[in-house]
Amino acid sequence: MFDQLFDGALVDSVMRAMIPILLAALGGMICDRAGVFQISLEGMMLAGAFAAVAGSYLAAASGLGVLFAVVAGAAVSLVLAFGAVSRKGDPIVLGIAVNLLMLGMTGFLLPQIFGVRGVFAHPRIDGLDRFAIPGLSDIPLLGPALFDNTIIAYLSLPLTAALWVFLFRTPMGLRLRGVGERPQAAESLGVSPTVYKYWAVVSSGVLAGLAGAQLALGNVVQFAENMSSGRGWIAVVAVMLGRAHPVGVLGASLLFAFSEGLGFRLQGNGLPVQITDALPFAVTLIALIAARKRFARLLDLTTAG
Amino acid sequence: MAAPALELRGITKRFPGVVANDAVDLTVRAGDIHAVVGENGAGKTTLMSILYGLFPPDEGEILVGGERVRFGSALDAIRAGMGMVHQAFRLFPTLSVADNVVYRAEPTRGVLMDRAAALRSVAELAERYELAVDPEALVETQPVGVLQRVEILKALYRDARILILDEPTAVLTPQERDRLFTVIRRLRDSGRTILFITHKLGEVMAVSDRVTVLRNGRSVAGLVTAETSPEEITRHMTGRSVDLNRRAAPHRPGDPVLAVAGLEVTGEHGRTAVDDAAFTVRSGEILGVAGVAGNGQTELIEAIAGLREAAAGSVTLGGADITRAEVADRRRAGLAFVPEDRHRVGTSHLASVSDNLLLGHHRHPDRQRRGWFKLRNVRAHARRLIETFGIKAGALNNPVSTLSGGNLQKVVVAREMSHEAPLLIAEQPTRGLDIAAIEYIHGRLVSFRDEGGAVLLVSAELSEILALSTRILVMFEGRIAAELDPAAVTEPDIGLYMTGAYLEREKGGAPGGRKGGQDG
Amino acid sequence: MDRTDRLDRLAQGVRQIWANPAVFPFVFAFSVGLAVVLLTGGNPFFAYQEMFVGAVTGSGLRNTLDQAVPIIGMALAVSAAFRAGVINLGGEGQMVLGGLAGALVAIYMPGPGALVVPLAMAAGMVTGMLWAMLPALGQTRLRLPILITSLLLNYVARSITGYLVRFPFLDDSVTLTSTEKIPEAARIPKMPLFGGVSLSLVLVLLLGGLAWLVYKRTVVGYETQMAGLNGSFARYGGIGVERQTVGVMAVAGAVGGLIGTHLIIGSAYRFIDGELVVSGLAWTGLLVSLLAANRPGFILAAGLLFAGLQIGGQSMQRNAGVSWRLAQVLQAVVIVAVASRLALGRRRRKGRRSAEAEIEPAHVGEV
């Protein structure tokens, strides 16, 4: 049974599942480090997915789609940045509202712009090409998934490393962490918490937008209503479980992606889709229970009246 | 004559409803230790925040070394050579000492931080000014005295010529305070100018060269320390003379109300915060608990009040074992509690004055029947408290956040005293209040005692402990280091126990009391 | 002279309304909606007109009232938790599972309607309650934030109901993935009002009144409110915040399950896989609760308003060719605006540097 499950196709579907979660979670991680509670990843990812399809359709070129996705993610993130940072609104309320806003907005724009409901697929939509890296892509089992992939997928792993360097080895990273921990202390040394928080939130918008582009132009080539389907929330949990550390976030994303990929495979083996769909969420909950001692801080954040 | 290091002319700052600074003038000569004194609310902190660029004045000008400056942010102030040691430290707990010091002025190699260089320069600086710190240690693991050194190093690392210290001794023992004064003098002798904010006259006399007195937001006097006296400064500060004399009553304690035995409490990070505490509080007495903040007082109180679990030992209130009881049951058993943090624990600032006065005995049969409030009684109760305690509050339904600090604390004290509980725990009951409010609350505590109440008083202000207590316990590193008789000790004596210095002197016999915390 | 005076006063009045913090978010949201419709080539004025007309005329009023039942109900459910500072995002799962449980009792339980309907409701309530207590106990026992767990459980609830409807309880006589139809006798009756509004409207109005009474007049209402405003204060005052968390989640889940049951046995008459989720009603209710700041009276008003937007939106879609999802957009934008404290006039005063608040907290001035 295990030989049937663990093959190149499984690795491939794990990789597919992981990239969007990882990208969004990295964005959430930056926000967490800057002291902004970011739960609108889901909405920004959805906006990114829609914009990616729209851009790619308009220009018949995936590059413009990715650009659209990034811009859309960043634009949506500004709603949270303005409300939570400039206006000191409740980030939880704003996050929920932004998620619902994007669900409604994409649901509205789909029929208004493309005249369809539910799903928009069209030959003009240019999907992201997969580039095979000669030699590496021939490695058995892992090769095809890791080294025959989209540009966004290639970017995501080095990006994780780059963010580690940024956070822990550069002056800007130090300042960002300081802002998240004690904004008054940062301000008293001339570092503006507002500026850092804005950049953090906008970065998360860019990354969630990219995640949406990978979802809509990489994993499939279409936009489906609510296609982020909870991945943004899983990314929120990945930030928690990974303690807002790049390595931890990568590990948590991999765990969830693995359960999603496995579910996908088991579905092929005849398990009902309703059960396999629930798998990543169940795994997420179990992982939360296993690692529960870690998030006293978040609990305080979310239960303080 | 050289230009003064710093000159303020007609600085005015208004907040909604308040003029915090009203045409303040201040001239600080280069190379002086210049004290700025005033009561709480006199406008000291506002003035320093303006000086440090945290917000702009509405009117007036600032001159540094004779040149007019305008601070748009703290960064401008830092660049003009100002350095500030805030009263509440502005440090990053999970970053290292070195990272805290170099923050925003990091040495770099290419785009990366040069961590070796950071560690090196912090170590050098610490050595030069004899401010011993471990550059690699995480700030959250360091004691308060070290944190203050880190704050001073931050300013020195930025080569501050004018160093502002805002109430720097509030968290220090008398011994640490003296060390700080040595550092301050050394800094002055190295050519820096020190601005020293305080409300403690003894410190003004001990360390400063000149004094400026603030009252109600105005600068009312500029004096040369050597030519003035504490009495004169006090007169300028308050417009009258103050009586902070001891109010220890005739010692006639009654029956034990609270008995703590072998109490052990676990604090943050799993360390033992309170270790084998044992004492009794009797009716008609005020038991004062002294100690440097962070030596287990908070955890001790929380364990007694039911906000933290006791790991071992017992707490008995009025004969009933309440070691594991829920907060509501403790309150029913006769516990009232004025907590340290009146803004976050003692009150709920979005809730109304009336709701704030109700908590804790809202289930009293006079106020509810079968879960339904008797609204008329609830309102009458609130009005009675407001009247009895002279709380200046608008409508009962106004949020409590509209009250001033002193009135807020009166809300807490009124509510807790109205329980008519035999035991009152008062934790830092007067911190941050002005003298009138302090006197009022002290008077209330004393009359509570005189009516036969038992008071457990925790305070970082030794003068408060000495003025009110019938007996004094000193806590050091979670243990009760001594029980002292306030009539027989002085502040420095208590300080020895607060720092653990008695441990070394024990054999020679410590002054004013005996070792161990057992009740006599 | 007189005229300009009056004009001035009028202008001032308009400015006041416009700058009102309760009104401006709506003005803002409708402006955003207007721009979006314009940009996508629609006629926003015609669309808004159709929306308004569709919500209140013809069968619109009845539909609006019917739609308001679950929205108000879910808002009351979530407000019970929010008010106590418990962030329950699991309304959807509580509603869906409760709905299925209620439907199954209504379908398979023999007996007269007077017995079956209450039993179905009870089943829905118990199911929703138990489901909601999972994240509550997770928070009090395991310290897992309800915010996250309650939300993740929505997806699990979707899968559970999906599986149950597709396999054990599938009605294979129809092409839908659905349970069997609710027997006529086991349905919640309609009232002879505007051509047949569900009797459940009375139920949610009663619930709203009950909530008002409990919140205003009782010890429980006071204790939950204090916990919601400041948990440390509540604990210090002897309120059992942990037990209360489980309690309010149980209430929220029970009401959610009740509303789910109503949606099946009082409105759809079948449990169709995914339909309750797609409707987004639980989330609309949540937005209503946020907008009304958990106050029952405001929840009734805001619930009616949002229901009107949705029903009007459907009519707008039919007659003006503008997707009804615009209603969702408007609702979410209102909340964004409220949460961002958007209001004209207050902006300048409030937009001060943050430092001030920290430096001089309360002890400026006299005692």
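## Reading strands, helices and odd phi values in a predicted model

The centres of domain 1 and domain 3 of chain B, taken over C-alpha atoms, are 40 Å apart. The model is predicted.

Q: Where do those domains of chain B begin and end?

A: The assignment gives domain 1 as 6–238, domain 2 as 247–334 + 421–520 and domain 3 as 348–420. Domain 2 is therefore written as two stretches of chain B.

Q: Let's start with sheets. What holds the strands of a sheet together?

A: Backbone hydrogen bonds pair the strands, in either a parallel or an antiparallel way. For a case here, take the open sheet of four strands in chain B, ordered S2-S1-S4-S5, with antiparallel pairing. Strand S2 (18–28) and strand S5 (67–69) of chain B each have a single partner strand and stand at the edges, so one side of each has no neighbour in the sheet. On average, neighbouring strands of this sheet are turned by 30° against each other, ignoring direction.

Q: How many bridges join S1 to S4 in chain B?

A: Five bridges link strand S1 (residues 6–15) with strand S4 (residues 59–64) of chain B, and the two run antiparallel. To find your way into that pairing, go to Leu8(B), whose bridge partner in S4(B) is Ile62(B).

Q: Which helix lies across these strands?

A: Helix H1 (residues 44–51) of chain B does: it lies across S1, S2 and S4 of chain B and runs at about 115° to S1(B).

Q: Which strands pair with S13 of chain B?

A: Strand S13 (residues 256–266) of chain B is joined by seven bridges to strand S14 (residues 272–282) of chain B, running antiparallel. S13(B) also pairs with strand S16 (residues 310–317) of chain B, again in the antiparallel sense, over six bridges. For landmarks, Val260(B) is opposite Phe279(B) in S14(B), while Glu264(B) is opposite Ala312(B) in S16(B).

Q: Now faces. Which way do side chains point along a strand?

A: In a regular strand they alternate between the two faces of the sheet. Look at strand S15 (residues 286–290) of chain B, where five of the five residues are buried. Ile286(B), Gly288(B) and Ala290(B) lie on one side, Leu287(B) and Val289(B) on the other, and both faces are covered.

Q: Does S15(B) run parallel or antiparallel to strands S22 and S23 of chain B?

A: Parallel in each case. Four bridges pair S15(B) with strand S22 (residues 454–458) of chain B, and four join S15(B) to strand S23 (residues 471–476) of chain B. Ile286(B) faces Val455(B) in S22(B), and Ala290(B) faces Val474(B) in S23(B).

Q: On to helices. Why do residues three or four places apart point the same way in an α-helix?

A: An α-helix has 3.6 residues a turn, so that spacing brings you round to the same direction. For a helix here, try H14 (residues 296–320) of chain C: its 25 residues reach 34 Å from first C-alpha to last, close to the 36 Å expected at 1.5 Å a residue. After H14(C) comes Gly321(C), with a positive phi near 70°.

Q: What does Gln112(A) touch beyond its neighbours in sequence?

A: Gln112(A) sits in helix H5 (residues 91–114) of chain A and touches Thr40(C), Gly321(C), Val322(C) and Ser323(C). A polar atom of the Gln112(A) side chain lies 2.7 Å from the backbone nitrogen of Ser323(C). Gln112(A) counts as buried because its relative accessibility is 16%, with the cut-off at under 20%.

Q: Is Thr160(A) buried or exposed?

A: Buried, with a relative accessible area of 5%. Thr160(A) belongs to helix H7 (residues 151–169) of chain A, and touches Leu22(A), Leu26(A), Pro246(A) and Leu250(A), leaving out residues up to four places away in sequence.

Q: Last one: which sign of phi do most residues other than glycine have?

A: Negative, for most of them. Glu167(B) has a positive phi near 45° and lies in the loop between strand S9 (162–166) and helix H6 (174–189) of chain B. Ala293(C) also has a positive phi, about 50°, and is found in the loop between helix H13 (281–291) and H14 of chain C. As for accessibility, Glu167(B) is buried at 7% relative accessible area, whereas Ala293(C) is partly exposed at 43%.

Conventions:
Residues are numbered from 1 along each chain as its sequence is written. Chains are lettered from A and ligands numbered from 1 in the order in which they are written. This is a predicted model: local features need pLDDT of at least 70, side-chain atom pairs count only at pLDDT 80 or more; totals for chains, interfaces and linings use all residues. Side-chain values use heavy atoms; hydrogens and water are left out. Two strands pair if DSSP finds at least two bridges between them. Axes are lines fitted to C-alpha atoms, for helices over the stretch in contact, and angles run from 0 to 180 degrees between N-to-C directions. Contact means heavy atoms within 4.5 Å. Buried means under 20% relative accessible area, exposed over 50%, partly exposed in between (1.4 Å probe, protein chains only). A polar contact is a pair of N or O atoms within 3.5 Å; within protein, one must be able to donate a hydrogen and the other to accept it, and residues adjacent in sequence count only if both atoms are side-chain atoms. Domain bounds come from an automatic or database domain assignment. The expected span of a helix is 1.5 Å times one less than its number of residues.
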